[in-house]
Amino acid sequence: MDANHNHHCCCSRREGPQSPLLTPSPGPLTRSLPSTQSLASALSPGASTPGSWTAHPWSPESANTSPPSTRSGSPELKVRFQTEKVDTAPRVGVTEVLPTVTYSVKSICFVGAGFVGGPTAAVIAYHNPDITVNVVDLNEQRIAAWNSSQLPIHEDGLLKVVRTARDGTLDTTVKIPGLPRSFKLDARSPNLVFSTKVNEAIQVADVIFICVNTPTKTYGLGAGSMADISMVESASRTVAQHAKKGAIIVEKSTVPCGTARVIQDIFKYYRPNDEFEILSNPEFLAEGTAVENLMHPDRILIGSARTLAGMKAAESLKNVYAAWVPQERIITVNTFSSELSKLVANTMLAQRISSMNAVSAMCEEIGLGSDVDDVSLALGQDSRIGPKFLQAGVGFGGSCFEKDILNLSYLARELHLDVVADYWLGILKINEYQRERYAHRVVKELNGSLRGKKISVLGFAFKDGTNDTRNSIAVHIIKSLAEEMPLEIGIFDPGCAANEIMEEIEKIGLTKAQLERVKICSNWRDSVKQASAVCILTQWKQFRGAQLGGSKKKPAKTPSQPLTKTFVNGKLTEMAILELEAMVARDLSINSEDPLGRLKPEATAEGFEIFGLAASMMEEISQEPVNWLEAASLMQEPRWVFDGRNVVDPIELQSLGFKVRGIGK
């Protein structure tokens with residue numbers, strides 16, 4: 001992920017208590033008609049946001065209309081932390097002090113239907129069929145997409161989860177090989193609703209998740225570093241005015257340390273006589289694997305006030321997740337530790353990538369056969385280090401890593417910890433250096449000039465398995481290449497819409513003459529035709545090529561944790577049904593995402609398109625691997641392949657007449 005990412009939906013002006021969310025919407029919660037819409041975006045320094053999300057209904061004028069009214073990362077917080085009473089008592093397990101009765105959760109509301117809110121709500125509803133989950137957003141197109149068969153977010157397995165909870169299932173009879181009798185699975189009723197009726201959903205909710213965007217500020221104090229929490233403030237004001245007494249408020253957005261206290265202050269202003277508990281429950285999703293991350297999380301982190309009421313609220317939220325997550329993987333800490341953990345987690349993952357990219361630079365200069373992949377393999381075998389996030393490449397992108405590192409560095413700087421801030425910022429310096437090295441290498445190997453030469457760019461999404469173009473490494477590389485005035489830059493990505501790619505490129509400051517040289521291609525052949533060089537910037541498996549196994553599907557992932565429950569209220573849990581589906585599909589050789597026939601038929605939408613392409617065409621194109629033998633016949637000499645993700649076999653490509661340059665080799 002990712003991203004991922006990736007994440008959301010609302011903001012408002014800071015002046016006055018009113019919010020754009022307060023437009024009355026009488027009547028029951030109903031769904032909108034299908035329409036198309038792209039992912040929500042977050043601004044990052046040096047990056048851009050799809051124009052379709054720059055001015056949306058949560059922000060009538062622009063994405064960022066004003067600075068936050070409370071600077072949660074400022075020195076003011078340090079003073080508050082020092083002057084207010086801090087709980088220094090030894091940590092006590094929640095179950096050791098809580099009464100057996102917790103808050104009853106029958107209705108949940110997610111404010112924000114972006115990358116975090118939509119999938120998280122869907123999975124919670126999927127595993128809690130007795131809880132009604134409303135996902136609200138004022139962007140009608142986005143909600144319409146969630147209510148269609150073409151979701152606004154491209155994630156493996158997400159559509160099945162959404163259809164199961166949103167539409168309900170059919171009665172079905174299951175015959176298990178080896179058993180004498182079949183048994184019946186009862187239909188489940190729909191319990192997931194996507195709607196624009198914000199106030200109504202908030203009013204009935206026992207738990208309210210705030211899942212809105214917190215982009216890096218692009219203006220004023222902290223511009224380029226500080227997180228803008230004005231959207232969180234706006235959503236909090238709306239929730240405070242409409243939530244029922246005692247509702248649990250969950251901060252899901254990635255926020256600076258201390259934002260929960262900002263939310264608490266807003267509630268005290270609007271509801272001075274009512275008590276509300278504010279929890280922190282950060283997401284740890286990677287774009288492309290978000291459903292897997294939600295289904296089999298390494299941990300669920302819940303931060304609360306270390307009071308009886310706070311821990312009671314945390315226990316209630318814990319019970320929601322316990323429907324499918326083992327108890328030992330649900331961690332409860334204090335609120336500020338939870339907020340800080342999210343920022344540090346992303347920063348340390350990015351640190352591993354930058355460390356290996358620094359090693360890759362050394363390998364390239366040392367020569368003598370040194371290979372960064374060999375070093376990565378050796379390090380990954382060390383149980384203290386592990387193999388994840390040790391793959392060198394052209395750098396990391398996406399909406400999370402850079403934003404969270406800048407946020408953490410800004411907080412350290414404001415706390416007068418300059419050495420700490422510089423340490424974190426060093427991660428971004430290596431990342432920038434890596435992509436600059438790559439672009440310079442392309443120009444150098446093509447005799448120092450791109451004049452009259454076409455460059456093919458394969459991959460624009462910041463990572464494979466997603467259509468998220470936010471802060472993609474590709475956009476920075478393309479900017480550097482365009483400045484060399486090549487004949488053409490032909491871009492192809494199997495998961496991104498042409499209009500979204502172009503919207504990103506138009507925001508990087510190219511001149512009209514440079515921009516005219518950029519072409520978006522609908523297939524890899526058009527991209528590589530007459531090109532002198534190919535730049536692989538996203539690790540899509542299709543780019544490995546037909547000869548290199550690019551058409552093979554990834555093996556099914558083995559669940560990383562045991563089933564916690566098989567039956568609830570006399571019914572099979574969805575986790576148990578997933579195991580049953582896998583067994584039936586395997587034993588009966590059924591190749592379907594619905595081997596038990598539970599899903600209701602999909603509603604068709606005439607003319608509805610996904611990612612700018614018809615859904616059927618999208619599937620066909622996205623699965624087609626690059627035929628490198630054919631590519632060689634289409635390209636011009638010297639047929640360079642600059643593999644920024646080390647996805648191709650250099651020896652194989654060299655045998656086909658290519659010159660190949662990978663990372664750290």
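**Exercise 1. Is Arg163 buried or exposed?**

Before you start: this is a predicted model, where local features need pLDDT of at least 70, side-chain atom pairs count only at pLDDT 80 or more, and totals for chains, interfaces and linings use all residues. Residues are numbered from 1 along each chain as its sequence is written, and side-chain values use heavy atoms, with hydrogens and water left out.

*Solution.*
- Step 1: find Arg163 in helix α5 (residues 158-167); helices here are DSSP runs of H or I with at least four residues, strands are E runs of at least two, and both are numbered from the N terminus.
- Step 2: check the relative accessible area of Arg163, which is 7%. Buried means under 20%, exposed over 50% and partly exposed in between, using a 1.4 Å probe and protein chains only. Arg163 is therefore buried.
- Step 3: look at what Arg163 touches (heavy atoms within 4.5 Å). Leaving aside residues up to four places away in sequence, the list is Gly168, Glu593, Leu599, Lys600, Pro601 and Glu602.
- Step 4: pick out the backbone oxygen of Lys600, 2.4 Å from a polar atom of the Arg163 side chain.

**Exercise 2. Work out how α14 and α15 cross, and which residues meet.**

*Solution.*
- Step 1: take the axes of α14 (residues 418-445) and α15 (residues 473-482), which come within 10 Å and cross at roughly 45°. Axes are lines fitted to C-alpha atoms, for helices over the stretch in contact, with angles from 0 to 180 degrees between N-to-C directions.
- Step 2: classify the angle. Under 35 degrees is roughly parallel, over 145 roughly antiparallel, 65 to 115 roughly perpendicular and the rest oblique, so α14 and α15 are oblique to each other.
- Step 3: list the partners. From α14 come Asn431, Arg435, Tyr438, Ala439 and Val442, and they meet Ile473, His476, Ile477, Ser480 and Leu481 of α15. Sorted by class, that contact has six nonpolar, three polar and one charged residue.

**Exercise 3. Decide how enclosed α15 is, and find its cap.**

*Solution.*
- Step 1: count the buried positions. Eight of the ten residues of α15 are buried, so this helix is largely enclosed by the rest of the structure.
- Step 2: name them: Ile473, Ala474, Val475, His476, Ile477, Ile478, Leu481 and Ala482.
- Step 3: see what these buried residues pack against: α14, β11 (454-458), β12 (488-492), α16 (498-505), α17 (512-515) and β14 (531-536).
- Step 4: go to the N-terminal end of α15, where Ser472 is the cap, with a side-chain oxygen 3.0 Å from the backbone nitrogen of Ala474.

Terms used:
Ala, Val, Leu, Ile, Met, Phe, Trp, Tyr, Cys and Pro count as nonpolar, Asp, Glu, Lys and Arg as charged, and the others, Gly among them, as polar. A polar contact is a pair of N or O atoms within 3.5 Å; within protein, one must be able to donate a hydrogen and the other to accept it, and residues adjacent in sequence count only if both atoms are side-chain atoms.
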